[in-house]
Amino acid sequence: MPKLRAAFIALAVVATGATPAMAAAPPGVKIEQGRTQPVFSYADAVREHVYVESSVDSDADGSLDRVRVDIIRPKESGPGFKVPVIIDESPYYDNSGRGNEAERKVYDAAGNVERFPLYYDNFFVPRGYGVLHVDMVGTTKSDGCPDTGGRADVLGGKAVIDWLNGRARAFGPDGNRVAATWTTGKAAMIGKSYDGSLANGVAATGVDGLKTIVPISAISSWYQYQRSNGVVYNYDYSSWLANYVDTDPEPKCAAVRARQDAEDGDDTGDYNAFWAERDYVAGSLARVSKVKAAVFAVHTVNDLNVKPDTWSRWWQALADRGVPRKVWVGQYQHVDPFDFEGRRDLWVDTLHRWFDHWLYGVQNGIMREPRADVQIGPDRWITQRDWPAPHALKVPMRPAADGSLGLVPAGRGSTATFTDVRQSETAMVADVGVPKPGRLAYTTGPLPLDLRLSGTPAVDLRVALDKPTSNLTALLVDFGDDTRVDWRRGQGITTLTEESCHGESTAADDACYRKVVTNVATRPMEIVARGWIDVQNRDSLSTPEPLPAGTYGRVKWDTLPQDYVFKKGHRMALVLAGTDSTYSGEAATGANVTVDLAKSKIVIPLVLSAPLTANDMATSRSMWVGPPEIELPEPENAFY
């Protein structure tokens with residue numbers, strides 16, 4: 001394989017589970033071209049509901065919570081024809097609704113759902129699936145109190161899987177016991193945001209019968225959702241969200257919310273038992289080591305609601321344990337892949353093949369395809385064998401006393417100081433060439449070629465403070481005019497009036513949804529990656545340790561992950577500052593932060609846009625002096 005010298009890359013910067021066996025199609029199920037076919041009547045489908053008994057009494061009323069499960073399944077399903085199920089468990093069915101059009105459940109006179117939100121029922125029931133829309137504990141028509149990712153939330157969803165497999169009890173509207181005699185017990189969970197987070201949590205219990213999950217913009221650690229290395233994003237958020245999704249009278253669950261406020265540790269920002277219960281990667285209730293289900297994850301790198309580190313940490317932990325997995329990585333904000341412009345048909349087909357494979361055992365080749373679909377521009381997607389890009393090189397970029405960002409460490413004894421003040425990101429990056437007391441800024445020269453960031457930059461500073469702690473913000477910025485996804489406006493999409501249809505319809509529940517287009521904007525700069533830390537949490541999230549005044553200490557942390565192309569001629573910048581008012585509710589400490597430039601850097605995972613030409617190498621040589629050359633393989637393809 002041709003060799004590529006790492007020095008030239010750096011110089012350019014400056015300038016588990018086994019596949020299921022093929023199963024015989026059950027009577028009535030038709031499979032063609034690796035896909036189940038729509039042979040069952042949607043209009044005639046069975047619509048019913050049950051109440052599954054959880055193992056938790058979250059509202060302390062003396063009775064175990066009962067979880068409302070709304071079911072739609074083929075009329076033919078029963079003891080002689082059992083079907084797998086697709087579950088969307090949500091706390092939002094009677095408040096914010098689901099999907100881009102904010103659909104809520106609509107009930108008929110018998111109390112059964114006649115209009116299910118989203119398209120899962122319209123598309124999959126005719127293809128031989130049951131679809132379950134589950135009201136999360138404490139929401140809509142379920143008993144109990146919302147637990148904001150905690151024990152009651154997770155075990156309520158687990159109970160539904162247990163009921164499908166004969167391990168839990170359920171009751172009909174008349175109070176009589178109901179058995180799920182119509183299902184194989186093989187289940188999938190899918191959903192966006194809180195819904196997908198429930199899927200992660202239930203999978204992390206290791207419950208038998210859950211064969212796959214599709215978490216979209218989902219949380220794997222509620223600490224990471226509301227904290228970054230000790231920095232608090234929002235105060236009293238857990239109780240606020242629990243109250244928002246609970247449409248019962250406020251007094252019912254007031255004690256639960258008060259307990260959340262008492263236990264969440266907002267006064268310190270530290271990781272404690274409250275957050276360990278809500279950590280599905282390495283928590284006390286559920287953890288990734290228990291996961292048996294295959295995972296098809298979707299996340300967007302500009303999602304600053306459910307920030308992408310809650311996905312990337314989960315993704316890496318799944319990889320470390322050999323869990324079968326697939327991913328789509330987009331550039332929008334908090335957007336469902338059904339609403340990625342130009343990819344709706346592909347998304348539905350990919351999801352269809354994924355479910356057919358894991359729930360019906362169809363050998364359709366989906367596990368032999370590239371694992372990752374990645375968006376690298378407003379209208380450009382690529383596939384690669386994993387994410388982040390397997391051939392990304394970790395390139396250390398170092399700040400210098402003259403304000404440059406390069407490969408060579410600053411001279412020994414070089415320092416720079418800023419004050420931790422509360423300011424917005426916009427203020428942090430404004431007039432980047434002008435010294436300001438509340439930030440430091442370092443920039444490269446014009447890049448001689450396109451470079452793609454794929455993965456998670458790591459900030460590594462040596463700092464001294466004149467107070468016990470300080471909040472730190474690191475921003476990686478792209479300076480240069482370009483047309484980018486405008487994820488700030490409408491979360492990156494505009495909804496049209498024209499519709500597309502996916503599945504069968506009835507008068508009460510149609511399968512048609514409005515199309516979208518991607519919002520784009522041409523701007524002179526973009527904040528690409530961002531990350532935050534409280535210095536006293538530099539060594540531990542649970543045990544803070546103030547930095548003695550005037551003493552240097554190493555502070556290392558990751559920014560949020562990204563996938564982004566820096567264009568030729570643009571400049572890359574590192575901005576260091578204190579408290580970020582854009583994303584944190586914390587007050588600034590007022591500490592003076594002195595950075596030892598000689599021992600500070602940001603390490604960026606980069607991929608060449610194309611092999612370096614002789615001219616690129618000459619240009620890079622003439623601009624900079626690089627470190628010793630290291631031999632390593634040339635990328636297999638541009639941007640891979």
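**View A. Phe-274 and Trp-275, a buried aromatic neighbourhood.** Both Phe-274 and Trp-275 are buried; that word stands for under 20% relative accessible area, with exposed meaning over 50% and partly exposed in between (1.4 Å probe, protein chains only). Please keep in mind that this is a predicted model, in which local features need pLDDT of at least 70 and side-chain atom pairs count only at pLDDT 80 or more, while totals for chains, interfaces and linings use all residues. Residues are numbered from 1 along each chain as its sequence is written, and side-chain values use heavy atoms, leaving out hydrogens and water. Rings of Phe, Tyr and Trp (its six-membered ring) are paired when their centres lie within 6.5 Å; planes under 30 degrees apart are stacked, over 60 edge-to-face, and the rest tilted. That rule yields 29 aromatic pairs. In one of them, the ring centres of Tyr-223 and Tyr-271 are 5.4 Å apart and the planes stand at 70°, so this pair is edge-to-face. Tyr-223 belongs to helix H5 (residues 222-226) and Tyr-271 to the loop between helix H7 (254-263) and helix H8 (273-276), so the pair ties together parts 48 residues apart in sequence. Here and below, helices (H or I, at least four residues) and strands (E, at least two) are DSSP runs numbered from the N terminus. Tyr-223 has 2% relative accessibility and therefore counts as buried. The rings of Phe-274 and Trp-275, with centres 4.9 Å apart and planes at 85°, make an edge-to-face pair too.

**View B. The two faces of helix H7.** Val-256, Arg-257 and Gln-260 are the buried residues of H7. Looking down the helix axis, these residues fall within an arc of 95°, so they line one face of H7; the arc is taken over the directions from the helix axis to the C-beta atoms. Ala-255 and Ala-262, on the other side of H7, are exposed. The cover over the buried residues of H7 includes helix H6 (237-245) and H8, where contact means heavy atoms within 4.5 Å. After H7 comes Gly-265, with a positive phi near 70°.

**View C. Aromatic rings and the charge of Arg-343.** One aromatic cluster is formed by Phe-296, Trp-328, Tyr-332, Phe-340, Trp-347, Trp-354, Trp-358 and Trp-381. Arg-343 places its charged end over the ring of Trp-328, 4.2 Å from the centre. Arg-343 also lies over the face of Trp-381, 3.8 Å from the ring centre. A charge sits over a ring when NZ of Lys or CZ of Arg is within 6 Å of the ring centre and within 35 degrees of the ring normal.

**View D. An open sheet of 11 strands and helices that lie on it.** The strand order is S10-S4-S5-S9-S6-S11-S12-S15-S16-S17-S18, with mixed pairing. Strand S10 (170-171) and strand S18 (380-384) each have a single partner strand, so at these edges one side of each has no neighbour in the sheet. Two strands are said to pair if DSSP finds at least two bridges between them. Strand S6 (residues 83-90) runs parallel to strand S11 (residues 183-192), and four bridges join the two. Across from Ile-86 in this pairing is Ala-188 of S11. Helix H4 (residues 194-203) lies across S6, S11 and strand S12 (210-216), at about 135° to S11. Helix H10 (residues 344-360) packs on the sheet as well, touching S6, S11, S12, strand S15 (294-300) and strand S16 (325-330), and its direction makes about 160° with that of S12. For such angles, axes are lines fitted to C-alpha atoms, for helices over the stretch in contact, and values run from 0 to 180 degrees between N-to-C directions.

**View E. Gly-578 and its surroundings.** Gly-578 is found in the loop between strand S31 (571-577) and strand S32 (592-596). With 0% relative accessibility, Gly-578 counts as buried. Leaving aside residues up to four places away in sequence, Gly-578 touches Phe-418, Asp-420, Val-421, Met-428, Gly-438, Asn-471, Leu-472 and Thr-473. In strand S21 (residues 415-419), Ala-416 and Phe-418 point to one face and are buried, whereas Thr-415, Thr-417 and Thr-419 point to the other and are not. S21 pairs with S32 in the antiparallel sense over five bridges, with Thr-417 opposite Thr-594.

**View F. An open sheet of four strands.** Its order is S22-S31-S25-S28, with antiparallel pairing. Strand S22 (439-443) and strand S28 (520-534) are the edge strands, each pairing on one side only. From one strand to the next, the twist averages 20°. Seven bridges join strand S25 (residues 471-485) to S31 in the antiparallel sense, and Leu-476 has Leu-574 of S31 as its bridge partner.
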